Amino acid sequence: MNINNIKKQFPIFNNKVHNNDLVYLDSANSSQKPQMVVDRIYDFYTKEFSNVGRSVHYLAVAATNLYENTRSMMQKYINAKDPNEIVFTKGATEAINLVANTFGQKFLREGDEILLTELEHHSNYVPWHYLRKLKGIKINFAEINNDGEITLESIEKSITPKTKMIAITHLSNVTGAILPIKEITSLAHSKNIPILIDGCQGAPHLKLDMQDIDCDFYAISCHKMYGPTGLGVLYAKKKWLDTLPPYQGGGGMIREVKKEGISFGDLPNKYEAGTMATAQVIAFGESIKFLNQIGIQNIEKHESELTKYGEEVLRKNNSVKLVGNPKNKGSVLSFTLDGIHAHDIATILDEDGVAIRAGHHCCQILHDKLGLSATARASLGVYNTKDDLDKLNESINKCKKIFDR
Amino acid sequence: MDLKDLYQEIILDHGKNPRNLRKTENFNKDAKGHNPLCGDKVHIFLKIDENKNISDISFEGSGCAISMASASIMTDLMKEKKEKEVKELVEDFLQMIKESPEMKTKIINENEKTKLMSLSGVKQYPMRVKCATLAWHTLTSAMNNSQEETNTEKFD
């Protein structure tokens, strides 16, 4: 894999930021888009546009085929058993809301418990919090260890006879910890508890095999996978999609509508009410092609080497403190600098064209636990290079110079 | 854009060694402010005497250099001011941060105005404006006895 060619596929890098080359280190927030994805959106709107699944004319049939083709591609990409186990949503947030809402409606009663972890992004906490209010359920949090990891033991300790769902992240967007999701799934199933994985940070970086992991639900954010915004994927085992009630009502998801009552459509339509993000779905097919062209194993290897290099460089820098030290770590480097707040770091780095994120990264519970109000975070994508990490380190040194005046 | 405009020495000085970072004993007004996007937090304490003068003002909190410096400089300037003067100063400061090239008020002297103007560098950094204004909005809440926490996302 020639990394220079990969960067060339991303038109954003032709632009300067404050007269500097862009060093994009915010891919955990959202990834940049390859030319083929951008072109696909343009081509769809200029040559092929129609709504899907409704009309019988030429364009409608073609668009429907393209839309369903992405579903099949995604099924293969994550090795789901059935294309109907792929539900398109407006994002991973909606995917988790869909599960919390429908599962909560049907199966949860007062006193039932949901098990999350202290690593969770707000999008895998707030949807469950609603059920706390609506149904009187309780939310428990499996605790992290000193390295910012969640172990199988930590989950096991937190399961109670009342645990009705386990919902955990695949890869922490702050500490980078990769959770042993296959082992946790097997543990959950041994106690008859379904499990949802928040795969926002897992899907862009790690090989996925739903049948091997065996989880019940897996939520994916497409804009973090070199795809368009406004799109997510919920993988759910067919038995759940058949059992759970519909999420939103509207056109496209019904079979028969009478004044007396309504019957709902089959999968996957049951969960895709209204006109979906059609162009995004079709363009996301190109993101999957892009990932397949490089090969997810090559991406994993490249990013893992870069992460190790980044850790090395930042560890040598005495004023940098890395947040978390997980043994199995994804491409996230969160850090603090002595005496300089994360937002000041981000502003100073930005001046050099170095884009990072600063704040609590939608993980206030984790930051409270760590006793930090904010951290700076550099996160990697397929287009990053060692040079990017060297520039990050140079800019960090510049922060110190400015603040030590 | 020049980072030295944003991080002037006076800001770094107040940011690193904030003045009045404590809790006023026997305060009779207070309010909390929060910038949810950054996590900046400030809690302002006021002691207002029977003549409606601020006899003491202090703050607790954590945040970036800009937000800490702003709270530090603001609390320094507000001591011994009358309630009415506080309102005028807050309005004038917010006006300056938003659009006005300078501060118009006659309540404070030129030297004090220069201190406040050191925060005007944020005008070039739209995402950082709320760091500079958090303490000021929170002071207004405290003066108005508002029970609701000031949230920068509610302001333009």
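**Chain contact, cores and helix α11 of a predicted model**

Biologist: How many residues does the contact take from chain B and from chain A?

Modeller: This is a predicted model, in which local features need pLDDT of at least 70, side-chain atom pairs count only at pLDDT 80 or more, and totals for chains, interfaces and linings use all residues. Residues are numbered from 1 along each chain as its sequence is written, with chains lettered from A and ligands numbered from 1 in the order in which they are written. Two residues are in contact if their C-beta atoms, placed from the backbone, lie within 7 Å. On that basis the contact takes 18 residues from chain B and 15 residues from chain A.

Biologist: Where does the largest nonpolar core lie in chain A?

Modeller: A nonpolar core is a set of buried (20 or more other C-beta atoms within 10 Å of the residue's own) Ala, Val, Leu, Ile, Met, Phe, Trp, Tyr and Cys residues joined through C-beta atoms within 7 Å. The largest has 147 residues, and A:F217, A:A219, A:V233 and A:Y235 have the most contacts inside it. Both domains of chain A, with bounds from an automatic or database assignment, give residues to this core, so it lies between domain 1 (3-30 + 295-403) and domain 2 (38-292).

Biologist: Which residues of α11(A) are exposed on the side away from its buried ones?

Modeller: Helices are DSSP runs (H or I, at least four residues), numbered from the N terminus. The buried residues of α11(A) are A:I299, A:H302, A:E303, A:L306, A:T307 and A:G310. Their directions from the helix axis to the C-beta atoms cover an arc of only 135°, which puts them on the same side of α11(A). On the other side, the exposed residues (12 or fewer such neighbours within 10 Å) are A:Q297, A:K301, A:E305, A:K308, A:E312, A:R315 and A:K316.

Notes:
Helix = DSSP H or I, 4+ residues; strand = E, 2+ residues; numbered from the N terminus.
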